[in-house]
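Student: I've got a structure to look at, and I keep tripping over the words people use for it. Can we go through them together?

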2 protein chains.
Amino acid sequence: MSFAARAIEFSPRLDLIEESLCESMGVDGVYARGETYERVVMALAGLISRHRPERSEMLRFPPVMSRMALERSGYLMSFPNLLGCVSCLHGDEREIRGAVQRFEDGDPWVEALGAADLVLTPAACYPVYPIVAARGPIPGAGLFFDVGCDCFRREPSRDIDRFQSFRMREFVAIGSPDQVMAFREAWKGRASVIASDLGLPHRLEVASDPFFGRGGQIMALSQVEQTLKFELVVPVKSEDSPTACMSFNYHQDHFGEVWKLKDGAGDLVHTACVAFGMDRLAVAMFATHGVDPRAWPTPVRRLLGV
Amino acid sequence: MSFAARAIEFSPRLDLIEESLCESMGVDGVYARGETYERVVMALAGLISRHRPERSEMLRFPPVMSRMALERSGYLMSFPNLLGCVSCLHGDEREIRGAVQRFEDGDPWVEALGAADLVLTPAACYPVYPIVAARGPIPGAGLFFDVGCDCFRREPSRDIDRFQSFRMREFVAIGSPDQVMAFREAWKGRASVIASDLGLPHRLEVASDPFFGRGGQIMALSQVEQTLKFELVVPVKSEDSPTACMSFNYHQDHFGEVWKLKDGAGDLVHTACVAFGMDRLAVAMFATHGVDPRAWPTPVRRLLGV
């Protein structure tokens, strides 16, 4: 299990990232981002845009989405522990004022909160399927999307490669099993070239999602056996626990079934996506090449325009 | 009360914006954004960046921030009805699995949610003050920030100029009363020039924040009397109810007091900010010039590079 023939001193550099690029906001895994960090995230986004699939439609989503849509997608069954719901103070003026009074008195006021019809979007592709469903049958040539979103997963951590709030970019394919598998396989190769161009030591691995609980272990095993998920991992914290910076996912007909996505003949379509963890890629760049982009290898700087 | 010597047919164009630029996500005031819309938002962001105050530090915040920090800022006292909190399923595997079981049984499961230590950020400048506080005394020349954030306010609406989730950019000044007032006054003029350059009919108005409830009316009145808030409004829905697209706010020593922000002599500093509603500006551009940027006036296209 080796990436590149050089020893990277990880920990000091990660401290540097936290000290010079991101700033604590008082909650683990939630960071204010400085100018250098943001410029690299934007440059990576631009690079990925240049690889956007032909005929793809661009959509950008806000950080919240319909709770009902996410429930229907099955998220709650698989990752209930990671979900962030939006809760608000409901009721009339007297009730809301009562909650504020409890806050002023130093009493627990959050019990007055009630769930709204919104959740924090946990992955950039969830909102696209109901939108596609509302448009009617999937054309024979399939559909391709370029989506992006600030995502949230309830995983408080001091690890620099695990944010609670992070940016995800995805290319999504919707069509026949052959179409979406061809899309995913092509992207496994393309992504490896992009990582090489960025000077990132990396490898592709069969992977599984962090399904919840003991029952989830069976789902994860099945996902691995069917090679439904691959990840492109980069040594960020260490070579032994490399960080997934991109993933390549075949959902079979899961979203087709949930949203009744059908082709012209009435058959359920399949979906696949390639996901780019924008913040993880940025952190990987700084961990690999150092915190000052001016000192990065010339081909990498030229590629990114930084 | 007139903006420009021309009658705009508002409603049909707003329908067009919803139909051709943004897409419903099933919840009022939450929209997927298409490519044309996003390009305009990015072009407006670039224009605003070119006006960034000298010596300003750029920070970008995720859409969530510390609940404790927002509570301390006084937000709950003024706008409790607009707050969105992050709630999650807490507890061990058995408890979380129980909530999922209730969902599967079609029973109300959201009662199992509990407030996390995060809220959805309601304005882009809230996170900056605790960060500044942690850095020590404010230098005599003052501090200036360029901040941006996806913001959330619980105001479900079918109005095209009122999103629940929207993007806000702010320039923030922290220093002596004279410094921050000079900053705000200069920006009132500068913003008007920017709006003119964008071809937006507009005017500056004394304004107040939407303080909650009956008690809030007194706070709003006091805010108007002290001219603490101005808004640059543009006719988007109608000329009679124009839309605030930028605001110019003098907080006096409110945030200084809350976060103990002091200068070298130990005196509390004052703060001011100019805020740009990025989505409102974009909607105003489409409402004013039409949904196809290629047909916008040449000087406007040149200014934005669209």
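Student: What makes the strands from E9(A) to E1(B) a sheet, and in what order do they come?
Tutor: This is a predicted model, and in it 9 strands form an open sheet. The order is E9(A)-E10(A)-E11(A)-E12(A)-E8(A)-E7(A)-E3(A)-E2(B)-E1(B), with mixed pairing. Two strands pair if there are at least two bridges between them. Take E1(B) and strand E2 (residues 31–34) of chain B: 3 bridges join them, so they count as a pair by that rule. They run antiparallel, and Glu23(B) stands opposite Ala32(B) in E2(B).

Student: Why are strand E9 (203–206) of chain A and strand E1 (22–24) of chain B called edge strands?
Tutor: Each of those two strands pairs on one side only. As for the twist, neighbouring strands of this sheet are turned by 25° against each other on average, direction ignored.

Student: What lies across E1 and E2 of chain B?
Tutor: That's H2(B), which also lies across strand E3 (56–60) of chain A. The helix runs at about 80° to E2(B).

Student: Which strands make up the sheet that starts with E1(A)?
Tutor: Here 9 strands go E1(A)-E2(A)-E3(B)-E7(B)-E8(B)-E12(B)-E11(B)-E10(B)-E9(B), an open sheet with mixed pairing. Its edge strands are strand E1 (22–24) of chain A and strand E9 (203–206) of chain B. From one strand to the next, the twist averages 25°. Helix H2 (residues 35–50) of chain B packs on this sheet, touching strands E8 (165–175) and E12 (270–277) of chain B, and its direction makes about 5° with that of E8(B).

Student: How do you know that strand E5 of chain A pairs with strand E5 of chain B?
Tutor: Count the bridges: there are 3 between the two E5 strands (residues 85–89 in each chain), and a pair needs at least two, so they qualify. The sense is antiparallel. One detail to look for is Cys85(A), whose bridge partner in E5(B) is Ser87(B).

Student: What makes Arg135(B) and Glu23(A) a salt bridge?
Tutor: Their closest N and O atoms are 2.9 Å apart, and the cut-off is 4 Å, so the pair passes. The count between chain A and chain B is 8 salt bridges. By class, the side of chain A that touches chain B has 34 nonpolar, 9 polar and 18 charged residues. There are also 17 residue pairs in polar contact across the interface, both residues being at pLDDT 80 or more.

Student: How big is the contact between chain A and chain B, in residues and in area buried?
Tutor: Each chain is in on it: 61 residues from chain A and 61 residues from chain B. The area buried is about 5400 Å², and carbon and sulfur atoms give 67% of that. Why quote an area? The size of an interface is often given as the accessible area lost when the parts come together.

Student: How do you know that Arg39(A) and Glu35(A) form a salt bridge, and how far apart are they in the helix?
Tutor: Same check: the closest N and O atoms are 2.5 Å apart, against a cut-off of 4 Å, so the name fits. Because they are 4 residues apart in helix H2 (residues 35–50) of chain A, about one helical turn separates them. Over all chains, the structure holds 46 salt bridges.

Key:
Residues are numbered from 1 along each chain as its sequence is written. Chains are lettered from A and ligands numbered from 1 in the order in which they are written. This is a predicted model: local features need pLDDT of at least 70, side-chain atom pairs count only at pLDDT 80 or more; totals for chains, interfaces and linings use all residues. Side-chain values use heavy atoms; hydrogens and water are left out. Contact means heavy atoms within 4.5 Å. Buried area is the accessible area (1.4 Å probe) that two parts lose on being put together, summed over both. A salt bridge is a side-chain nitrogen of Lys or Arg within 4 Å of a carboxyl oxygen of Asp or Glu. A polar contact is a pair of N or O atoms within 3.5 Å; within protein, one must be able to donate a hydrogen and the other to accept it, and residues adjacent in sequence count only if both atoms are side-chain atoms. Ala, Val, Leu, Ile, Met, Phe, Trp, Tyr, Cys and Pro count as nonpolar, Asp, Glu, Lys and Arg as charged, and the others, Gly among them, as polar. Axes are lines fitted to C-alpha atoms, for helices over the stretch in contact, and angles run from 0 to 180 degrees between N-to-C directions.
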